[in-house]
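Let's take a look at the enclosed empty space in this protein and at what surrounds it.

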Amino acid sequence: MRKSLIYAAMLLIFAACSKPSPVNPDPVPVPPEPKEYGTFAGDIADEALGLRESLLACEVALPDSFAGVLHSDDLSIHAIGLEEGDKLYFISDDGDIQEASSVRASGEALAFRLPEDLYPGDWNLRLVRGEEYQNLGCRTVICDNPVSLEGLNIKGKVTCSGAPISRVAVSDGFEMTVTDSNGEYRLCSKKENGYVFITCPGNCRPSLEYDIPQSHKYLGETGQIDVADFALERVDNSRHRIIFMTDLHISNYTNGDLTWYKKVIVPEIEAAVKETSVPSYIFSAGDSTTDHRWYSFNFALPEWRELASTLPAPLYQTMGNHDNEPYSTTDFTAEIPFKKTIGPNWFSVNIGDIHYIILDNIIYGVDDNPDGKTYYARVTDAQRQWLRRDLLMVDKETPIVVVMHSPLYHYITPTALKPHFYNQGMVKEVLDCFEGFECVHFVDGHKHTNHNIILSENMMEHNLAATSGSNWFSECQSGTHYSRDGSRGGLQIWDMNSRNIRWVHKSPGSTVSEGQFHIEDLNVVPVERRGEVPANTVLVNVYNWDPKWKLSITEGGRELKWTQVYREDPYYVLACPEEWSSVMAPTGTEHIFIATASAADTPVTVRVTDRFGSEYIGTLTRPGSYDLSKAVKFLL
């Protein structure tokens, strides 16, 4: 009786993540009901129903996934109670049952190879012994596709400096496979996106067209077989530099944006590439163009591609809301010009020891918007499914940099956050994909502000001020370069040394040490701009502040107590005084600090130390002046 109770208890524990299956005389049961992603949809025996499932092995240890494996690989699972003669089956949700080959039990390990005809997907693993079986769990398999698989319509080979590369991920944005030991791949695709792409290995680089890395190939009709080969070049990316830009909004507009871009931004990028001996890459976080001006000013994505082709480093691009076809009412059709002109709107690339992911988090088109507006922020279900598979190919210790357009959050007080996605649930959908990874950075734009958020111990978001500042209107009006939160718009430069990452904000026209913050004497600012503050208040705007930075404000060597506030920067109104549009109006920001000095004519010194220990120092001679006399000016 005691043994029966123990056995029943074990069955109940196992049943907590399982469901009953129908009676089947075959020792390999029929497939289970469809499951949720990452869970096991297997079954457990119920003796009252006469089923034959038994607890054949215990303490079963399956890998998290079988990602990046080949049919020629020797694989194993571990458990107690395995016996010689045990068989292992892979069972899909749609009824495909395949037996693993070369199965042999040795001690507490079951060695095997993938079934000969197994294809990538989610599979239930079942241990079979005679007429008894045990469900082991469900795992995602990302492997090389067998030659015999029906529906194969894309094939090719991936080489680097002439040598074939195995285990390179290949995808059409939905399906995923890997190259085999000969560097060859095969894919069954519906060709909805019209292309296939690879995740480039970290020590290789694709060829360039219009400065765009060609890690994708365009496809023909669904019924034809496309051959898409990728010939890569070997390069040492163990140390490399990333130059981030966002929200360029080039449109050949009357504010002279084309000229300002060439005069203000291009020299900064050229200097950032020239000053280092390591490979450099440029990433754009979207809105390179301005959709509603594509046709009225004859500057759309093809014109931007031509303009960007002169940049001094490869350019990886993200879709912004203004990079969508403005007359489309659905997200899929709105993406077509970007896909045909630039390339995939979601993909990944390894550069050195860092894994980079490009996401399209803009749902564009009134037909796909629950509120009937032009767009909203979310990562689609299909994209997240691809993302989860992509991340299975990455070990948890690898640093990940995710580049997208819309931020996850924005500040509404110095510490309180609000989701910038449609709702908090849609933010969580994205963050959950990265659970367990040790270092994840999200880099985005859209708001034309700087903010940095420590999301968790291992996740951080970097929202970048627009590279165009105020859509180039501050240049047009005052010859300066400021964004809506008073930050000096520009670039961010990230230096990667193996898995170590450092970043810094780069203000155009200034050295790094000079372009991290500015100080204002609020005594001289009109009351309608300075707000209700005590007399002798000074304001410090630290553009790239995050909670691990340090700030010191002193007057005559005496430390002043400072307060972090959420407010507008009155300096921006000087830089961009005219009301061009509501989206370029001054906005509150959390990286402003105020302190009260003892008198109106004492100098104030500010020392700011970033999270990497670099110190930046500036002194304000008071009384100050409410003008742009000390601002960096650019002239046409």
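How do the residues of the lining of the largest cavity divide into nonpolar, polar and charged? Keep in mind that this is a predicted model. The split is eight nonpolar, four polar and no charged residues.

Stepping back a bit, a search of the whole structure turns up three cavities of 30 Å³ or more. The largest cavity comes in at about 100 Å³. Around it sit Ile 212, Pro 213, Ser 215 and His 216, along with Leu 315, Tyr 316 and Gln 317, and then Phe 338, Ile 342, Gly 343, Pro 344 and Phe 347. Two elements each give two or more residues to this lining: strand 18 (212-213) and strand 24 (315-317). Strand 24 has the largest share, with three residues.

Now for the second largest cavity, which holds about 70 Å³ of space. Its lining is made up of His 410, Tyr 411, Lys 447, Thr 449, Asn 450, His 451, Tyr 566, Thr 587, Gly 588, Thr 589 and Glu 590. Here the elements that supply two or more residues are strand 30 (409-411) and strand 42 (589-596). As for chemistry, this lining has two nonpolar, seven polar and two charged residues.

Here are the two volumes in one place:

| Cavity | Volume |
|---|---|
| Largest cavity | about 100 Å³ |
| Second largest cavity | about 70 Å³ |

So much for volumes; on the lining side, the largest cavity has no charged residues, whereas the second largest cavity has two.

Note on methods
Residues numbered from 1 in each chain as written. Predicted model: local features only at pLDDT ≥ 70, side-chain atom pairs only at ≥ 80, totals over all residues. Heavy atoms only, no water. 1 Å grid on protein atoms, 1.4 Å probe; cavity = no way out; pocket = protein on both sides within 12 Å on 5 of 7 lines; lining within 4 Å. Points joined across faces, edges and corners; volume = space filled by probe spheres on them. Helix = DSSP H or I, 4+ residues; strand = E, 2+ residues; numbered from the N terminus. Nonpolar A, V, L, I, M, F, W, Y, C, P; charged D, E, K, R; others polar.
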